[in-house]
Amino acid sequence: MPLFGTLELPTATPRLPTVPNLDTEPWSLPKAEMLQLAFEVPRSTHALLPKALHPAIPSYVTIWVTRYPESPVGPFLLAQLRLMARAGAHPRGFVLRAYASTPEAASALTQRWGIPPAAATVTLKRRHDRMMAQVLQAGVPILDAALVDPQPISGGDVQYIHSVTLAQAPLDGKTAPWLVQVDPRYTFHKAERGRPEVSRFHGEAWGAPGLTLQNPIACTICSCDTDLPRIRFVMDPEVPVVRGTRKIRDSREAE
């Protein structure tokens, strides 16, 4: 019997971001630097996942902290917590909460892709033996994380799983909650792996009250050219995706 998320949508709807329309223009994001840490989490996280999605087995999250030196809204950093899942047969990362280093980036990401960031202080710093990330909300640290002892690997060894966000969006003349697929491309220039280390994590600030990070899985830091594409698919959050997926357009390229 397949497992599904158990999120009660009415409890989440009042705090969902709003995407004014689904005709988002793509962003080119060259020279990005992306730190990803993965940790197992308790099965109780199924309650954070919409009913359309299958929980990953074992349950795990990814912490993404990315520096974008060039974007249509200027340089910014973005930190995300994603609960990993499947949409049908396809692995996906459900964005629980995010923080952007500038108000302009936070507003644009919400309105264009339903990514739910608040403005915060986000930093990504390299030392000789580690890459360190920190997020401060109103001056209070809510994440201290690091990749320890980086070792070079091939970009072909790295896989970034596409995201889905939960947002209010208009379709067929009605605005309602939809899962929005966000599926960037990546051209890797440099990749390293190391030991994931988190010394501070406040689950409540990341949309997951009481969440504890358990067994570490993997950690990478990569330099790459990437993008945020046009929206191609949305999914009904209450219906299995094999029945609830709507195609918005055939191509992720500008038409």
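Just after helix 2, glycine 114 takes a positive phi of about 70°. Helices here are DSSP runs of H or I with at least four residues, strands are runs of E with at least two, and both are numbered from the N terminus. Helix 2 itself covers residues 103-113, and its buried residues are Ala105, Ala106, Ala108, Leu109, Thr110 and Trp113. Buried means under 20% relative accessible area, exposed means over 50%, and partly exposed lies in between, with a 1.4 Å probe and protein chains only. As a reminder for reading such a list, an α-helix has 3.6 residues a turn, so residues three or four places apart point the same way.

The model is predicted: local features need pLDDT of at least 70 and side-chain atom pairs count only at pLDDT 80 or more, while totals for chains, interfaces and linings use all residues. Residues are numbered from 1 along each chain as its sequence is written, and side-chain values use heavy atoms, with hydrogens and water left out.

Two residues other than glycine also have a positive phi. Lysine 31 has a phi of about 60° and sits in strand 1, residues 27-40. The lysine 31 side is open to solvent probes in the computed sense: its relative accessible area is 56%, so lysine 31 counts as exposed. Aspartate 172, with a positive phi of about 55°, is placed in the loop between strand 10 (163-171) and strand 11 (174-182). Aspartate 172 is exposed too, at 63% relative accessibility. The backbone has a further feature at proline 58, where the peptide bond from isoleucine 57 is cis, with omega near -5°. Proline 58 belongs to the loop between strand 2 (54-55) and strand 3 (60-68). For context, most residues other than glycine have a negative phi, and most peptide bonds are trans.Turning to the whole fold, the protein chain has three helices and 15 strands. Its radius of gyration is 17 Å, close to the 18 Å that the globule rule gives for 255 residues, so the chain is as compact as a globular protein of that length. The radius is taken over C-alpha atoms, and the rule is 2.2 Å times the number of residues to the power 0.38. Along the principal axes, the C-alpha atoms fill a box of roughly 55 × 40 × 40 Å. Of the 255 residues, 52% count as buried. Among contacts with a separation of 6 or more, 70% come from residues 24 or more positions apart, where contact means heavy atoms within 4.5 Å.

The interior holds nonpolar cores, each a set of buried Ala, Val, Leu, Ile, Met, Phe, Trp, Tyr and Cys residues joined through side-chain atoms within 4.5 Å. The largest has 45 residues, and those with the most contacts inside it are Leu53, Val135 and Trp206. Strand 4 (residues 76-87) gives the largest share of this core, six residues. Apart from it lies another core, of 35 residues, among them Met34, Leu78, Ile115 and Leu228. In soluble globular proteins, nonpolar side chains tend to be buried together. Leucine 53 touches, beyond residues up to four places away in sequence, Leu3, Phe4, Gly5, Ala85, Arg86, Ala87, Phe94, Val164, Leu179 and Val241.

Three further residues help to fill in the picture. Glutamine 80 is found in strand 4 and, at 5% relative accessibility, counts as buried. With neighbours within four places in sequence set aside, glutamine 80 is in contact with Thr62, Ile63, Trp64, Val95, Arg97, Ala98, Ile115 and Trp206. Tyrosine 68, in strand 3, is likewise buried, at 7% relative accessibility. The contacts of tyrosine 68, again without neighbours within four places, are Leu29, Ala32, Met34, Gly74, Pro75, Phe76, Leu78 and Thr226. The C-alpha atoms of tyrosine 68 and proline 42 are separated by 32 Å, with the two residues 26 apart along the chain.

Phenylalanine 233 lies in strand 14, residues 233-235, and counts as partly exposed at 21% relative accessibility. From C-alpha to C-alpha, phenylalanine 233 and valine 180 are 6.5 Å apart in space, with their positions 53 residues apart in sequence. Beyond its neighbours within four places, phenylalanine 233 is in contact with Leu179, Val180, Gln181, Thr245, Arg246, Lys247 and Ile248.

At the surface, the protein chain exposes about 11,500 Å², and carbon and sulfur atoms supply 51% of it. These areas come from the Shrake-Rupley method with a 1.4 Å probe, and for residues only the protein chains shown count as cover. The chain has 27 positive and 23 negative side chains, and the centres of the two sets lie 2 Å apart. Lys and Arg count as positive and Asp and Glu as negative, with His and the chain ends not counted; the place of a charge is NZ of Lys, CZ of Arg, CG of Asp or CD of Glu.
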